[in-house]
Amino acid sequence: MTTNSQGWLRGQRPFRWITAAISSWLLLAVTLTAQTQQDDTTQRTQLGERQRLVERKMAELENRFTAIAQQIQEKEPERAQRLIAAYQQAKERLVTQRMAEVGALLDQRQFDAAGKKLDEIINALDDLVRVLINQKDDQMTKQQEMEMLQKWKDSIQQMQREQQQQTRETEKVANKEDTLKELEEQIKQVNELIERQQQVMAETSQQSGTNLRELDKIADRQFEVRQRTEALAKEIGGDPNPADPTNPTGEPKPNEEGNPANSGKQPPGQQPPGQQPPGQQPPGQQPPGQQPPGQQPPGQQNQAPRPGQQPLQQAAQSQQRAEEKLVSGKTEDAQRQQQQALENLQQAKQDLEKEQRRIASLPPEALQQMADQQRRTRDKANDLAKEMSEAPKPKQSEEGSENGGQPKSQPGQKSVQEAGDSMQKAAGDLNEQQPEQAERNQKEAEKQLQEALDEIEERLNQLREETQEEKLRRLEARFREMLQRQQVATIMTLEIDDRKTNLGPLGQRDQLLLLRLATEEREISELGQQTYDLLLEDGTSYIFPEVVQDLRTDLNRAGDLLQLERTDPLTQLVQREIEATLEELLEALKETQKSGGGGGGGGGGGGKQPLIKKSAELKMLRANQLRVNRQTRLLDQLKGQSSSDIDLETEIQSTAQRQADLIRILEKIIEEGDQ
């Protein structure tokens, strides 16, 4: 094969060349069609030759279809198949033969017949272009795939919440008597909580203005009410292991016999040294085995709240805030929080009583209505499965897939399809008045939806890691290129300064070289701008963008000095600091890449995986501080040596600004750590 044809095989160039060629011939065919309507005899005699030129090019193209397809068959089977399909269609539509017929008709000056044939050829070429480009050839970018997967994830989570609600409803109907008894018991517990909360509120009101020890005792009792509130919220939410309301932490009870913790008892209201009282957990911490108030246990975050659950969680939050206010001696604030907690408890009671009445009054046709609702959820699952099947497939590995070389399905697609089948079975069971069997199928659908979510999340994590790795590689390549070019510029500056010192004023050649060096420094600064944009786009690093901006300032400063034909120690200082900064940036990136990307928290991405390790960021912050210290000493040494005190003062002010920036960044990091 020729060098040109080999070039066509790289990437998508064969398709671009072929479609461009067909499009140009399409335009020529349209032109020929228009020209057949003209009356000029000389023009008509030329049309046949032009048509035969198009015919020869089309015949050559058909031959190349198969040649290129053979070349790319192994590495790009889908594209090869498309070329073969285009070749077959061209043969079936007799494109080349029809072009020859048009040429003959033009020679015979049968322009009307030739015009009709050309219309047919144009349509055939249109179809041929569609075969080549209609199917999506370009692989989706990682960002596009992540957006697509996130959209599906959101849809599945919404579907999962609907399915969980329908499963719970079926469970209630299948066990109606047990459900009513359970609701009755929960209402009883809420009534007890309301009574206990009112007692604590009364004690708070009576002890208003008293000493902290008495308020601390009330905080202990508020703590006990909160623990019972949280335990009931977990029980209603379906937690398989709700906390023991009398011992929610799971630790030995203080009054149990034989408990070592009882040895050396403290006076009432006092705690052993170093131990927090019940209402005084350190901020942001919970007792062992306990979730923060209002937060669902792992595995339940995506579940829709059950009747009474959310008000109880909100009550627990207000109760905890009341404890904190009591310990601080702020009784008025504590009373406001206690009142809010009481209102939440009363709302929970109303929700449970409403649910109790609803279950008791379910009509005979309730199962039929539930079946209709289940079918609507099934339709959503089927629609999503269809959308997933029609979306661009992930790139197939060279080894092929396990299903006989067919394109891989999307992450979660099979599980969503299976969930739709389970939902269909559940709807049928409900129609047949078999809620127990329907419940089993609904739980199976829930399981399959969770499997789909797990598969999608796994792929999303993989894409995030790959994206982070690509960004790190791009950063490293850019910094390394900047360093290599800067090292050359620094050496050349030293050489010119040496000639200037030993040989006197610079000649024209050295002056031109300095101008080129000044331009080089500014071009390196533009590379720095590209890395800065990448870091800003990622948005998870505090320190690196600041360092890169300082680096660009130095590069532009070096360019200005060189343009003024300055090669003195000040210019050399600026260039050496540029090199040192780039080396430190590369070293920090190397540390991040060793551990496989960011991780470990840090950054300002609002929960997003940080691109740069926090330890690497802090290392860079330290290096920047050392750099400021080093610059300060060197600038002090340059006093009296620089040809311009104004330039030296500019550098001193710049160094002072960098010191202020470092303090600001450090304060921001400390503030983030305290949140």
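# Confidence and helix packing in a predicted model

Trainee: Which elements of the chain have the lowest and the highest mean pLDDT?

Mentor: Among the elements of the chain, helix α1 (residues 3-8) has the lowest mean pLDDT, 37, and helix α13 (residues 413-431) has the highest, 93. Here pLDDT is the predictor's confidence in each residue, from 0 to 100, and helices (H or I, at least four residues) and strands (E, at least two) are DSSP runs, numbered from the N terminus. This is a predicted model, in which local features need pLDDT of at least 70 and side-chain atom pairs count only at pLDDT 80 or more, while totals for chains, interfaces and linings use all residues. Residues are numbered from 1 along each chain as its sequence is written, and side-chain values use heavy atoms, with hydrogens and water left out.

Trainee: And what does the chain average?

Mentor: The average pLDDT is 74, and 63% of the residues score at least 70. Over residues 1-15 the pLDDT stays under 50, and the model has 24 contacts (heavy atoms within 4.5 Å) for them beyond four places in sequence. Residues 396-406 are also below 50, and this stretch has six contacts beyond near neighbours in sequence. Where pLDDT is low, the predicted coordinates should not be read in detail.

Trainee: How many helices and strands are there?

Mentor: The secondary structure comes to 19 helices and zero strands. Of the 675 residues, 43% count as buried, meaning under 20% relative accessible area, with exposed over 50% and partly exposed in between (1.4 Å probe, protein chains only).

Trainee: At what angle do α15 and α16 pack?

Mentor: Helix α15 (residues 508-538) and helix α16 (residues 543-563) pack at about 165 degrees, with their axes 8 Å apart; axes are lines fitted to C-alpha atoms, for helices over the stretch in contact, and angles run from 0 to 180 degrees between N-to-C directions. The two helices are therefore roughly antiparallel to each other, given that angles over 145 degrees count as roughly antiparallel, under 35 as roughly parallel, 65 to 115 as roughly perpendicular and the rest as oblique. The crossing of α15 and α16 is left-handed, that is, the near helix is turned anticlockwise from the far one by less than a right angle, clockwise being right-handed.

Trainee: What about α14 with α16?

Mentor: Helix α14 (residues 435-503) packs with α16 at about 30 degrees, with axes 13 Å apart, and the two are therefore roughly parallel. Their crossing is left-handed. Phe479, Met482, Gln486 and Thr493 of α14 make the contact with Val548, Leu551, Leu555 and Leu562 of α16. By class that contact has six nonpolar, two polar and no charged residues, where Ala, Val, Leu, Ile, Met, Phe, Trp, Tyr, Cys and Pro count as nonpolar, Asp, Glu, Lys and Arg as charged, and the others, Gly among them, as polar.

Trainee: Is alanine 558 buried or exposed?

Mentor: Alanine 558, in helix α16, is buried, with a relative accessible area of 0%. Setting aside residues up to four places away in sequence, alanine 558 touches Glu521, Val574, Gln575 and Ile578.

Trainee: Switching topic, where is glutamine 197, and what does glutamine 197 touch?

Mentor: Glutamine 197 lies in helix α8 (residues 176-206) and counts as buried at 0% relative accessibility. Not counting residues up to four places away in sequence, glutamine 197 touches Gln222, Val225, Gln319, Gln338, Ala341, Leu342 and Leu345.
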